[in-house]
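Please look over the sequence and the model before reading on. A short report on selected sites comes after them.

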Amino acid sequence: MTFKRVSVIGLGYIGLPTAAVLASRGIEVIGVDVTTRAVETINRGEVHIVEPDLDIIVQAVVTTGKLRATLEPEAADAFMIAVPTPFKEDHVPDLGYIRQAAEAIAPVLVKGNLVVLESTSPVGATEQLSAWLAELRPDLRFPHQVKDKPDIQVAHCPERVLPGHVLQELVANDRVIGGLTEACAERARELYQTFVRGECITTDARTAELCKLTENAFRDVNIAFANELSIIADKQRINVWELIALANRHPRVNILNPGPGVGGHCIAVDPWFIVAGAPEEARLIHTARLVNDAKPRYVLDKVRAAADQFKRPVIACLGLAFKADIDDLRESPARAIVEALAQERLGELLVVEPNIRELPPSLAGLEVQLVDLDTALERCNTLVALVDHKPFKHIPLSRIASKVVIDTRGLW
Ligand code: SAJ
């Protein structure tokens with residue numbers, strides 16, 4: 001059976017691009033979100049998030065009537081759930097949004113439907129989703145109850161796209177599809193094959209859940225290695241960038257880049273889901289999180305020491321985003337560092353962030369000014385590079401020669 005109508009629950013960084021790409025394949029897509037602003041914006045053919053080319057494709061599919069956003073779920077052949085999975089205070093996964101999504105779609109489920117969980121989830125979450133749906137719809141049979149021909153099929157297909165390259169990676173990347181049964185995985189594969197050019201590989205739901213967490217934990221551990229190395233090298237007065245470039249000439253060594261810490265809502269979050277599931281065993285993964293989370297404090301200490309050298313320190317911080325060439329400031333170590341500096345009032349504080357027009361609310365009201373690069377370079381005596389945005393890479397060395405420079409990204 002083909003998929004004529006698909007519903008995407010959660011129209012954020014993953015849900016909206018997925019909905020738009022599916023719609024561009026001629027499938028009728030109903031996007032559901034709890035935010036009125038998001039629904040209204042999309043229905044005008046506009047976007048509420050920044051991602052290259054997303055505005056063009058959303059405008060096209062809304063205009064042709066293939067994508068429509070709504071606050072209330074409607075009947076469909078398949079439901080894809082792409083809601084946030086944050087953690088609670090103690091780093092324990094919070095499945096509250098998945099539970100809400102289950103409550104939203106349960107009333108409109110009919111026999112033959114497929115439900116796919118795309119949100120990054122701890123091991124066991126897909127089965128939990130199936131159990132919640134069964135509780136809400138006791139008239140239907142779910143795959144965690146009956147393996148053979150359940151009324152509803154349930155699978156997990158974790159998103160793995162890189163912010164900034166979402167539209168390209170949505171189509172090109174391989175997908176890991178874990179079913180609660182083999183038939184569930186197979187049915188989900190049919191759905192993904194409508195828009196994915198990469199390979200769609202099936203497995204069970206638990207393996208797919210841990211696979212996604214593993215991918216991000218692998219990256220986190222490797223970044224932690226680079227961050228730890230940068231502190232060791234500093235202590236021994238060795239340039240870490242030269243060190244890494246030399247070590248990476250070995251054919252089996254590939255060290256990542258140190259930075260001011262790890263940001264975003266994926267790499268800094270997902271490893272905790274592994275730790276929560278196996279606290280005794282996940283020692284390396286846990287330590288990597290602590291190493292990366294401690295890096296902003298190390299950078300702050302360096303800035304304090306630098307500012308101490310001046311009677312009137314003028315500190316310019318380059319970058320607020322969580323990584324290069326995006327406008328996303330959420331969970332950004334750069335932003336955390338600037339906030340701490342602003343609260344400490346070490347001196348005059350200037351910030352350059354070419355991807356935003358005004359400071360975020362957490363910085364508004366503090367003694368910090370958003371300025372352009374030229375102004376910052378002219379006025380500062382202490383320069384702190386926090387994000388490797390493209391414009392910063394072209395600063396001539398002659399313009400920074402007279403300043404105390406803290407380069408957390410190896411720009412110069
Ligand atoms: N970072 C470093 N050094 C590096 C690489 C990254 O300090 O060498 C920092 C970045 O500056 C940033 C953080 O790590 O603060 C994360 O950036 P990222 O580009 O590594 O990853 P994300 O969070 O944008 O996206 C990741 C991707 N996962 C992997 O590459 C394994 C993406 O494919 C996932 O879909 C995404 O997480 C997600 O949604 O889970």
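This report covers the ligand site, a pocket and two residues.

## The model and its ligand

The model is predicted. There are 20 residues around the ligand. Among them, Glu159, Lys212, Arg219, Asn257 and Phe322 come nearest.

Three polar contacts with the ligand can be described. Arginine 219 uses its side chain: a polar atom there lies 2.6 Å from a ligand oxygen atom. Valine 161 uses its backbone instead, with an N or O atom 2.7 Å from an oxygen atom of the ligand. Asparagine 257 also takes part through a backbone N or O atom. Its partner is a nitrogen atom of the ligand, at 2.7 Å.

## The second largest pocket

How much space lies in the second largest pocket? The figure is about 310 Å³. Its lining is made of 17 residues. Asp234, Val240, Trp241, Lys302 and Asp407 lie nearest the centre.

Four elements each give two or more residues to this lining: α8 (205–235), α9 (240–247), α11 (283–307) and β13 (404–407). Helix α11 gives the most, with four residues. By class, the lining has eight nonpolar residues, five polar ones and four charged ones.

## Serine 121

Serine 121 sits in a loop. The loop runs between β5 (114–117) and α5 (125–136). Is serine 121 buried or exposed? The cut-off for buried is under 20% relative accessible area. Serine 121 has 0%, so this residue is buried.

The side chain of serine 121 reaches a partner close by in the sequence, the backbone oxygen of serine 119, at 2.8 Å. Serine 121 also has contacts beyond four places in sequence. These are Thr85, Ile98, His156, Glu209, Leu213 and Phe273.

## Asparagine 227

Asparagine 227 lies in helix α8. That helix is also one of the elements that line the second largest pocket. Asparagine 227 has a relative accessibility of 0%, so it counts as buried.

Which side chain is joined to that of asparagine 227 by a polar contact? The partner is asparagine 292, and the contact is 2.9 Å. Asn292 also appears in the list of residues that asparagine 227 touches beyond four places in sequence. The others in that list are Pro258, Gly259, Gly261, Val291 and Lys295.

## In brief

The ligand has polar contacts with the side chain of arginine 219 and with the backbone of valine 161 and asparagine 257. Serine 121 is buried in the model, and asparagine 227 is buried too.

Key. Residues numbered from 1 in each chain as written. Predicted model: local features only at pLDDT ≥ 70, side-chain atom pairs only at ≥ 80, totals over all residues. Heavy atoms only, no water. 1 Å grid on protein atoms, 1.4 Å probe; cavity = no way out; pocket = protein on both sides within 12 Å on 5 of 7 lines; lining within 4 Å. Points joined across faces, edges and corners; volume = space filled by probe spheres on them. Nonpolar A, V, L, I, M, F, W, Y, C, P; charged D, E, K, R; others polar. Buried < 20%, exposed > 50% of the residue type's maximum accessible area, 1.4 Å probe, protein only. Polar contact = N/O pair within 3.5 Å; in protein donor to acceptor, adjacent residues only side chain to side chain. Contact = heavy atoms within 4.5 Å. Near = heavy atom within 4 Å.
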